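Visitor: I am new to this structure and would rather see one part well than many parts quickly. Please take me slowly through the empty space inside, and through what surrounds that space.

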Amino acid sequence: MIRYLGKRIIFMLISLFLIVTATFFIMKAVPGGPFTSEKQVPPEIKAALEAKYKLNLPLHEQYFEYLKGVVTWDLGPSFTEKSSNVNDMINRGFPVSAHLGAQALLLAIFGGITLGVIAALNHNKWQDYSAMVIAVLGLSVPSFILASFYQYIFAINLGWFPIAKWEGFEYTILPSLALAASPMAFIARLTRSNMIEVMGQDYIKTAKAKGLHTVTITIKHAIRNALLPVVTYLGPLIAGILTGAFVIERIFGVPGLGREFVLSITNRDYTVIMGTTVFYSMILVVMILIVDIAYTLVDPRIKLSDAGKE
Amino acid sequence: MKKNVFALVSSIAVLGTALTGCGGGQQAAAPPAGGTPAAPSQPATPAAEKKPQVLKMNLHSEPPTADPGLAEDTTSGAIILATFDGLTRIGTDDKPHEAAAESYKVSDDKLTYTFKIREAKWSNGDPVTAHDFEYAWKRALDPKTASNYAYQLYYVKNGEKANKGEAKLDEVGVKALDDKTLEVKLENPTPYFLELLAFRTYFPVNKKVIDANPKWAGDAKSHVGNGPFKIESWEHKSKMVLVKNENYWDKDNVKLEKIEFSMVEDENTELSMFENGEIDWAGAPMSALPTDAIPALKGQGKVQTNPIAGTYWYKFNTEKPPFNNIKVRKAFAYSINRQALIDNILQTGQIPATGAIPPSMVLNPNGYFKDNDLENAKKLLEEGLKEVGMSKLPSITLSYNTSEAHKKIAEAIQDQWKKNLGVDVKLENKEWKVYLEDMHEGNFQIGRMGWLGDFNDPINFLELFKDKMGGNNDTRWENAKYKELLNQSAKESDLEKRKKILADAEQILMDEMPIMPIYWYTQSWIQKPEVKGVHQTGLGDVDWKGAYIE
C-alpha cells in the first residue's frame, strides 16, 4: 500500500511538472500579451512594464523563475489586478468556490443517487420516467438558463432568495442548485443503469430467493456495487466543481475562483493563468488518487498494490 | 387518553397562533403595499430629509487597483475619483475647477503654473501638501513604477525624458516650493492642462502610507485618499462600501453618507437586481444594459442616455490595395447609412459620426461629409478603381473582435456595402488580444476600433494618426502636412489660432479617410428617480461627489 502510494505520488509530481511546462509554453505561444491593448502605450512604458514583471528575460529564464515560484508556492503578481498577487486571488477565491462546490456536490451526489435508485427499483414505471425526465432536463438545459430561471422564479416572483451576491447562507442556495443540476442528472443516470444491471445479477437473485427484504438487498448488496462507476466520475467532478464554475459564479455574482480561470486567459494574465492551472491540476490529481483509494472501500476485490504486476 | 387531549389542545394552540400570525402579517403588510394613502399625510420636506443618504450601485467588476498612479481602467478610475481629489476637479459644467488647489497662477508664456494648495487633510488625518503632488508625479514617471498612464505626464517638463530614463527624476518640472506651493513647468503651452490635472495620474498620493505598505491600495484598512469619500470596506470581488470622508475640504457639499457597491458582472443579473429594488442604478457608466432588454426599457421610457467623448470607427489598411486609394476609402465611408445602423441595431441614441472628433470637443460642427451619400460614393469608387487599375472590386475582408454588438454592426455594414457598392465582404472574427495584435501588425484590410477620450481636447484624437508606426495608428497612414499642423498646434498658445490649426488637421484626416467614422458613443442607464446629482462627465467618468437621495 505504502509502496503503491509512493509510486502514485511520484507520478503525480511528474504529471504536474508536465502540465506546468505545457501550459507555460502554450501560453507564451498564444498571440497577444498582457500589455497588448486598444490604447497602446509608448514603447518605453511597455519596456518598463515588461521589466517589472520580468517578461524581458529570455524565455527559459522566465520558465525557471516560474518553476521556482511553483515549488515555493509564490505564484507572482497579477498583471491586471495591480494590487493583488496570484496567491491572494487563490486564497480569496478558492474558499468561496469550495463552499459553493461542496454544497452543490452534496446535492448532486445524494440527489443523483436517490433519483437513480428510485428509477432503477421502479424500472419502466412512472417513478422511473419522472426521474429520467428530471435527469434529461438537468443534463440538457444549460446552467445559465437554469440559473436565470431560478432567479426569476425564486428570487423575483417568490422573493425567497436574493438574486445575486454572496453575503450569507441564503445567497448560496440558488447557485448551489444551479451548479448541482447537471452532475446530479449525470449521477442519476449512471446509478440507474448500473443498478438495473446489478439487480439482474445472480447474487441478487440468490438474495431474493433467500427471502431477504428488498431494502436490505438494495442497500447492502446492490447500491454498493452500482456506485463504482459513480465514484470514478467523482474525482474530476469534485476538482471541477470545487475550483469554480465560471458561468454560475458570474450570474450569481459569486466571488469565486471560476472567474479567474476564464478571465485570465482573455487578459493574457500569465501569472494567473499559470497559478490557477497549477492549482486546479493539483486538486485534480489528488482527487483522482482519493478516488482510487475509495475504490477499495466500495469494492473489496480491488487492492491498492501492484505486487501482482511485478 | 390524557396524552391525546394534550396533543389536541396543543395543536389547536399552535394552529391558532400560526393563523393569527398570518393574519397579523397580512394586516401589517397592507398599508405599505397600498402606499398611496399614507404618503400624502406626511409633510413632504421632513420625509425627504430623513431619506438615508445611501446609494446602492453595481460596480460590475472588481477594481484592479485604487492607486491613482497605476490605474488604467474605468472601474478603478471611478473609485479613485471618489476617493481622491486632484488639483482640479471637473464640475457639473464639464469644466475644470480648483479642488485640492485653492488658486493658481499661469506665467505669460503659459509654461509655468504655480498652485496654492488648499488647507486639507488626508483621510488618515495627515495634511495634504505640495510635496504629495511632487512625489506622486515623480513616482508615476519613475520607470520602476511601470505606470501605464505615465505618458499623461509627458506635458510636464522632462516628464518624457525621465520616464525614458534619459533624465533624472529631479529634473522633472514639478517642485514643491513649500508645503502649500507647487510649481509646475511644462514642455509646451498646453491649453488643456487644467483639464488634465483632473485626471488620476495627476492625483496626489500619501508618501508615508506607500512607504509603510507597498500594497496599501488593495485594502480598505490601508487605503488613504484626499477625496470626498473613503473606503470603509472592500471584500474583494464581492462588495465595496465607500463612506463620506470627514476630512475632505469640501465635505459640506458631499451629501451622500454611503455608497454600497456590489460587484456583479452579469448584466442581466444587474438588471434583475435593479428591478427587484436591490440597487438604485443599472447600466452605464460602470456597466451596460443587456442589449436585448434595451428596446423594452426604452418603451417604458426608463432609459437615459448621455453622449460621451468617444468615436467608433473602422480603420483601413492604407498600405494594401484597394485601400491604398483615397477615393476607394471615401467611397466605402460615404456609402453606409449610419442613422439606420443606430436606429435598428444600436438603439441607444448614438450620434452618426461624420468626423473623427466627438461632439464635446468638436472643431467643425457641420461634419466633413454626408451620411449615406450613395451618389458620391459610387462615383468615387468608379474613379478610385480606375486609378488603381481594377475593373471590379475584389472580395474584401472586414475584421472585428468577438462581441455580439461588433458582429451585428459588421453584418449590417457588410449588407449595406453589398447593396450600395456591389462588393463582396467577408467577415472575420478574432479573439480580442489576437485581434489587437493583428491590427497593430497591419494584418487586416478593414478593422473595427474605437477611441474614448482621455481628456477633453481634439488633440487626443488627432495625435493617434500622427505617426505611421505610432502605437495606435494601425492604418499605416501618414501625412507630412498633418504632422506639421499637429506640431504647430503644440507650440500655439492662442486658443483660437490653435483651434483653427486642429480643424485644418481634421480636414486632412477626413479628406484622406484612413479611418471611417461610424458613430459617437453614448452611455445608457436606468436609475431610480430619487437618485440625483450623479455627474457623468463628457469623457464618461462618473463623479458621486454631488450625488444625493431625494
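**The spaces inside and their linings**

Guide: The largest share of the lining of the largest cavity, four residues, is supplied by α4(B). What you see is a predicted model, in which local features need pLDDT of at least 70 and side-chain atom pairs count only at pLDDT 80 or more, while totals for chains, interfaces and linings use all residues. Residues are numbered from 1 along each chain as its sequence is written, chains are lettered from A and ligands numbered from 1 in the order in which they are written, and side-chain values use heavy atoms, with hydrogens and water left out.

In all, the structure holds six cavities of 30 Å³ or more (on a 1 Å grid over the protein atoms alone, a cavity is a set of points where a 1.4 Å probe fits but cannot get out, a pocket is an open set with protein on both sides within 12 Å along at least five of seven lines, and lining residues have an atom within 4 Å of a point). The largest cavity encloses about 320 Å³ of space (a volume is the space filled by probe spheres set on the points, which are joined across faces, edges and corners).

Its lining is made up of 24 residues, and those nearest the centre of the largest cavity are B:Leu81, B:Ala198, B:Thr537, B:Leu539 and B:Asp541. Two or more residues of this lining come from each of α4 (74–83), β2 (88–90) and β20 (542–543) of chain B (helices, H or I of at least four residues, and strands, E of at least two, are DSSP runs numbered from the N terminus). Sorted by class, the lining of the largest cavity has 11 nonpolar, six polar and seven charged residues (Ala, Val, Leu, Ile, Met, Phe, Trp, Tyr, Cys and Pro count as nonpolar, Asp, Glu, Lys and Arg as charged, and the others, Gly among them, as polar).

To place this cavity within chain B, note that the domain assignment gives domain 1 (54–280 + 528–549) and domain 2 (305–523) (the bounds come from an automatic or database assignment). Both of these domains of chain B give residues to the lining of the largest cavity, so the cavity lies between them. The C-alpha centres of domain 1 and domain 2 of chain B are 33 Å apart, and their contact takes 17 residues from domain 1 and 17 residues from domain 2 (contact means heavy atoms within 4.5 Å).

The second largest cavity has a volume of about 90 Å³. From chain A its lining includes A:Glu249, A:Arg250, A:Gly253, A:Val254, A:Pro255 and A:Arg259, and from chain B it includes B:His60, B:Ser61, B:Glu62, B:Lys237, B:Met263 and B:Glu265. By class, that lining divides into three nonpolar, three polar and six charged residues.

Turning to the open spaces, the second largest pocket holds about 1200 Å³. Of the 38 residues that line this pocket, B:Tyr154, B:Tyr155, B:Glu160, B:Glu463 and B:Lys466 lie nearest its centre. The elements giving two or more residues to the lining of the second largest pocket are α2 (43–52) of chain A, together with α6 (159–164), α16 (459–462) and α17 (480–491) of chain B, and α17(B) gives the most, with five residues. The lining of the second largest pocket has 16 nonpolar, 10 polar and 12 charged residues, and it draws at least three residues from each of domain 1 and domain 2 of chain B.
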